[in-house]
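Below is a short report on one protein model. It moves through helix pairs, sheets, a metal site and two core positions.

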Amino acid sequence: MTIAHSDAEFDFNPTVSPHREDPHLFYRAARKRPVTMSPSMGAYMVSRYADIKTVLDDPDTFSSTAALPKIYDNPPEVVAELEAGNVPETTMVVNEDEPRHKQMRALFDAGVSGARVRMLLPLMKQRADELINGFTGGTADLVSEYAFPYVQTIINAVIGFPPEDSELIQGWTDDLTVLWNPFTPVEDRVASARRVGDYTRYLQEQIDDRRANPRDDMISGLVHGANGFPGLSDDYIHNIIRGAARVAGFDTTRDAITATVFVALRNPDVVTMIAKDPIRTITKVTEEALRHDAPNRALGRITTREVELGGTVLPQGSVLLLLFGAANRDETVFPDPDAVDLNRPNVHDHVAFGKGLHACPGAPLARAEIRVALQTLFASLPNLRLAEDYEPTYIASYFFRGLESLRVRW
Ligand code: HEM
């Protein structure tokens, strides 16, 4: 399916052509208009940097309870399967307001603390080496053979999932994405809802196990409490872990790694600089790639009162989508925004990790994962380059902006 060209500048649907390949076609045009409703997404699109900052800075007016779609908002046949599987749905961290957000956030922060990130550095290096050593034939797809399994290992270790269950958990978290995606066919959503019932039973076993045998992992912190806050009830833990395993800590980081490598490989000067001064260059290219290709496409807000935003009066209850990738290329903040420039003085103003109350708690973990992934890759394969016939294609995703494959040679 393709959106007719005449609608492409007005109605946004990132899962189909031409927005799937190039969301900036819409973003560029949207920044010139007032905040406008997208019929395909069923929400007002917020694309200018200043408007997104206004929303992020005012959580009382712009509530996060609409940050994510709800799986129980699906058609009745899907809901029936969820009910049969006793799948709980509560808020998690990202779609909760104060005061409740504070406790969840503190518990989540403990799960991705600086100490935990440092503890995971050897595992990151070991997994990156292992994957590179498994490459054969002088060529690889860095999405499926590198970034994907690497990030999967790390997020499972953060949460406390047994490594041998990786594939099961991956399948279930894919099912959740299906349930969150309003563009997937209903019969697929019914099948996914049934499997999420199995995931629910699995998660409950993990929670029960940590209640009896606490360990140094995120599940234990959520069960027993951390950072001065008590633990949460099981239904909330289910939602936070399901969200962390997928929405928050997996696709985003995988896509950030491949976007950063792609930015580097398209700019031979950057590859030369990485060889000379890897740590400094990789830190710079990471930040510029996060700005240039924000992996988290958008999260939502809902207005708690009538309010004017970017030239549009929004009634109470209006759903907004904050297009982080559009704000990151706002020409009024980042001159020549489509260009890659490792020396942008204000690169840290990008909103790839959001800002304010809900700013990403996983940012230090993600930055560490990207850094180790790139350092290991460029040090191990100094002749790394894009495969000659490689053409980038992007995942058809509502939430994420990420490469489907990244074929390289050395
Ligand atoms: C490059 C990788 C990542 C990107 C681009 C990213 C992006 C974002 C963004 C834009 C937000 C703001 C949400 C909002 O304002 O509504 C956010 C929040 C969040 N992120 Fe990340 N994220 C990344 C990695 C991670 C990781 C690795 C984790 C955890 C393991 C994580 C956990 C979360 C959580 C729990 C929130 C909600 C925080 C709150 O509501 O207080 N993220 N992330």
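## A perpendicular helix pair

Helices α7 and α8 are roughly perpendicular to each other, because their angle falls in the 65 to 115 degree class. The other classes are roughly parallel (under 35 degrees), roughly antiparallel (over 145) and oblique (the rest). α7 covers residues 143-159 and α8 covers residues 166-180. Their axes lie 11 Å apart, at an angle of about 100°. Axes here are lines fitted to C-alpha atoms, for helices over the stretch in contact, with angles from 0 to 180 degrees between N-to-C directions. From α7, the contact takes in Phe 148, Gln 152 and Asn 156. From α8, Ser 166, Ile 169 and Gln 170 take part. Contact means heavy atoms within 4.5 Å. The contact residues of α7 with α8 comprise two nonpolar, four polar and no charged. Nonpolar covers Ala, Val, Leu, Ile, Met, Phe, Trp, Tyr, Cys and Pro; charged covers Asp, Glu, Lys and Arg; the others, Gly among them, are polar.

This is a predicted model: local features need pLDDT of at least 70, side-chain atom pairs count only at pLDDT 80 or more, and totals for chains, interfaces and linings use all residues. Residues are numbered from 1 along each chain as its sequence is written, and side-chain values use heavy atoms, with hydrogens and water left out. Helices (H or I, at least four residues) and strands (E, at least two) are DSSP runs numbered from the N terminus.

## A parallel helix pair

Helix α4 (residues 76-84) and helix α9 (residues 186-212) cross at roughly 5°, and their axes come within 8 Å. That makes α4 roughly parallel to α9. Glu 77, Val 78, Glu 81 and Leu 82 form the α4 side of the contact. Val 186, Arg 189, Val 190, Ala 193 and Arg 194 form the α9 side. The contact residues of α4 with α9 split into five nonpolar, no polar and four charged.

## The five-stranded sheet

Five strands build an open, mixed sheet in the order β1-β2-β8-β5-β3. β1 (36-38) and β3 (62-63) are at the edges with a single partner strand each, so one side of each has no neighbour in the sheet. Strands pair if DSSP finds at least two bridges between them.

β1 and β2 run antiparallel, joined by three bridges. Thr 36 has Met 45 of β2 as its bridge partner. The two strands form a hairpin with four residues between them. In the turn, Gly 42 has a positive phi of about 65°. β2 also joins β8 through three bridges, this time in parallel. Here the bridge partner of Met 45 is Leu 321 in β8. At the other edge, two bridges join β3 to β5 (residues 298-303), and the two run antiparallel. Phe 62 stands opposite Thr 303 in β5. Helix α3 (residues 49-56) lies across β2 (43-46), β3, β5 and β8 (319-323). It runs at about 125° to β8.

## The three-stranded sheet

A second open sheet has the order β4-β10-β9, with antiparallel pairing. Its edge strands are β4 (139-141) and β9 (385-386), each pairing on one side only. Two bridges link β9 to β10 (residues 407-409). Leu 386 has Val 408 in β10 as its bridge partner.

## The iron site

The ligand's iron atom has a single protein donor, the SG atom of Cys 360, at 2.3 Å. Donors are N, O and S atoms within 2.8 Å of the metal (3.2 Å for Na, K and Ca); water is not among the atoms, so sites may look incomplete. Cys 360 sits in the loop between α15 (324-327) and α16 (363-380).

## Two buried positions

Val 261 belongs to helix α12 (residues 251-266). It counts as buried at 2% relative accessibility. Buried means under 20% relative accessible area, exposed over 50%, and partly exposed in between (1.4 Å probe, protein chains only). Beyond neighbours within four places in sequence, Val 261 contacts Leu 142, Leu 374, Leu 377, Phe 378 and Leu 406. Val 261 and Leu 377 are 116 residues apart along the chain, yet their C-alpha atoms are separated by 9.2 Å.

Ile 274 lies in helix α13 (residues 268-276). Ile 274 is also buried, with a relative accessible area of 3%. With the same sequence neighbours set aside, Ile 274 touches Ala 264, Thr 281, Ile 282 and Phe 378. The C-alpha atoms of Ile 274 and Ala 379 are separated by 9.0 Å, with these positions 105 residues apart along the chain.
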